[in-house]
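Hello,

Here is the structure I promised to pass on to you. Have a look at it first, and then read on for what turned up in it.

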Amino acid sequence: MTKRVAILISGGGSNMVALARSMTRDHPARPCLVLANDPTAGGLTKAAEMGIPTAAVDHRPFGKDRAAFEAALTEAITPHAPDMLCLAGFMRVLTEGFVSQWQGRMLNIHPSLLPNYRGLHTHARAIEAGDAEAGCTVHEVTPALDDGPILGQARVPILPGDTPGDLAARVLEQEHLLYPAVLRRFAAGDRRPVFLPEPAG
Ligand code: GAR
């Protein structure tokens with residue numbers, strides 16, 4: 001059975017576009033909803049252009065009441081009956097209550113080689129630390145931030161003189177390869193991790 005996937009975004013949604021484009025006819029999943037916590041998120045327009053239903057739940061009126069925000073999220077998501085959620089640049093921290101409803105059925109992409117650099121400013125922190133490599137990770141979402149079983153990682157070099165922006169662009173290219181590769185496996189029930197680049201030979 002084809003899995004219905006809701007993709008949650010906060011901004012431009014380039015990962016959402018990569019995921020949506022990857023879900024072609026023979027794919028074990030299809031997009032059923034793109035939802036943003038910012039009604040002006042550029043990704044909403046891109047999703048609508050691709051013919052995917054969209055919704056926005058602005059987090060701001062809820063202030064610090066995360067549970068109320070998440071109740072509104074659930075209300076927006078439920079009619080689309082997703083089997084799973086993909087967080088793709090979704091910049092709100094979800095509570096244990098929400099996460100537990102989707103445990104084992106919710107993926108996230110994070111722009112670092114987890115367990116290194118959970119949270120924000122990952123590229124600046126990797127450069128500052130003098131790391132030789134950076135990358136991105138797709139993982140199952142569990143209540144702890146940027147934690148949970150790793151389903152894939154892609155690595156890139158950090159080059160002399162890299163700014164955080166240079167590195168972010170290099171990593172983002174890999175995000176667009178990694179997330180679709182992981183989703184294709186995961187939606188087919190295969191939780192073996194994907195590692196990019198694949199070893200030569
Ligand atoms: C991506 O780099 C993603 O890894 C990151 O936000 C960007 C969203 O870009 N996510 C996080 O930092 C999550 N904590 P996109 O909107 O173009 O996909």
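Let me begin with the overall layout: the centres of domain 1 and domain 2, taken over C-alpha atoms, are 21 Å apart. Please keep in mind that this is a predicted model. The domain assignment places domain 1 at residues 1-102, while domain 2 is made of two stretches, 110-137 and 149-201. Where the two meet, 18 residues of domain 1 are in contact with eleven residues of domain 2.

The UniProt record, an unreviewed entry, carries the annotation "domain: Formyl transferase N-terminal" for residues 3-183. Over residues 3-183 the chain is 35% helix and 24% strand, and the C-alpha atoms at the two ends are 10 Å apart.

Now to the interior. As a general point, nonpolar side chains in soluble globular proteins tend to be buried together. In this model the largest nonpolar core has 39 residues, and Ile-7, Cys-86 and Leu-107 have the most contacts inside it. Helix α6 (residues 164-187) gives the largest share of this core, with eight residues. Where does this core lie with respect to the two domains? Domain 1 and domain 2 both give residues to this core, so it lies between them. A separate core of 21 residues lies apart from it, with Leu-33, Leu-73, Leu-87 and Leu-94 among its members.

Cys-86 is a good place to start if you want to explore the largest core. Setting aside neighbours within four places in sequence, Cys-86 is in contact with Val-5, Ala-6, Ile-7, Leu-8, Leu-19, Leu-107, Tyr-179 and Leu-183.

Next, the open spaces. The largest pocket holds about 770 Å³ of space. It is lined by 36 residues, and those closest to its centre are Phe-90, Met-91, Ile-109, His-110 and Pro-111. Among the elements that each supply at least two residues of this lining are α1 (14-22), β5 (106-110), α5 (122-128) and α6.

Ile-109, one of the residues closest to the pocket centre, sits in strand β5. Is Ile-109 buried or exposed? At 7% relative accessibility, Ile-109 counts as buried, because the cut-off for buried is under 20%. Not counting residues up to four places away in sequence, Ile-109 touches Asn-15, Leu-87, Ala-88, Thr-137, Val-138, Glu-175 and Tyr-179. Ile-109 and Gly-152 are 43 residues apart along the chain, and their C-alpha atoms are separated by 9.3 Å.

There is an enclosed space as well. A search of the whole structure finds one cavity of 30 Å³ or more, and the largest cavity has a volume of about 60 Å³. Its lining is made up of His-59, Gly-63, Lys-64, Asp-65, Arg-66, Phe-69, Arg-92 and Val-93.

Which residues does the UniProt annotation "binding site" cover? The unreviewed entry gives Arg-66 and Asn-108. From this set, Arg-66 belongs to the lining of the largest cavity. Here is how the two annotated residues are placed:

- Arg-66 is found in helix α3 (residues 66-77). With a relative accessible area of 40%, Arg-66 is partly exposed. Beyond its neighbours within four places in sequence, Arg-66 is in contact with Val-93 and Thr-95.
- Asn-108 is found in strand β5. With a relative accessible area of 8%, Asn-108 is buried. Beyond its neighbours within four places in sequence, Asn-108 is in contact with Leu-87, Thr-137, Val-138, His-139, Val-141, Asp-146 and Tyr-179.

Asp-146, one of those contacts of Asn-108, lies in the loop between β6 (133-140) and β7 (150-157). Asp-146 is buried, with a relative accessible area of 10%. Asp-146 and Asn-108 are 38 residues apart in sequence and 8.1 Å apart in space, C-alpha to C-alpha. The contacts of Asp-146, leaving aside neighbours within four places in sequence, are Asn-108, His-110, Leu-114, Arg-118, Gly-119 and His-139.

One last residue to look up is Pro-115, in the loop between β5 and α5. Pro-115 counts as exposed, at 56% relative accessibility. The C-alpha atoms of Pro-115 and Ile-150 are separated by 9.3 Å, with their positions 35 residues apart along the chain.

Happy exploring, and best wishes

How values were computed: Residues are numbered from 1 along each chain as its sequence is written. This is a predicted model: local features need pLDDT of at least 70, side-chain atom pairs count only at pLDDT 80 or more; totals for chains, interfaces and linings use all residues. Side-chain values use heavy atoms; hydrogens and water are left out. A nonpolar core is a set of buried Ala, Val, Leu, Ile, Met, Phe, Trp, Tyr and Cys residues joined through side-chain atoms within 4.5 Å. Buried means under 20% relative accessible area, exposed over 50%, partly exposed in between (1.4 Å probe, protein chains only). Helices (H or I, at least four residues) and strands (E, at least two) are DSSP runs, numbered from the N terminus. Domain bounds come from an automatic or database domain assignment. Contact means heavy atoms within 4.5 Å. UniProt positions are given in the numbering used here, feature names are shortened, and annotations may be inferred rather than shown by experiment. On a 1 Å grid over the protein atoms alone, a cavity is a set of points where a 1.4 Å probe fits but cannot get out, and a pocket is an open set with protein on both sides within 12 Å along at least five of seven lines; lining residues have an atom within 4 Å of a point. Grid points are joined across faces, edges and corners, and a volume is the space filled by probe spheres set on the points.
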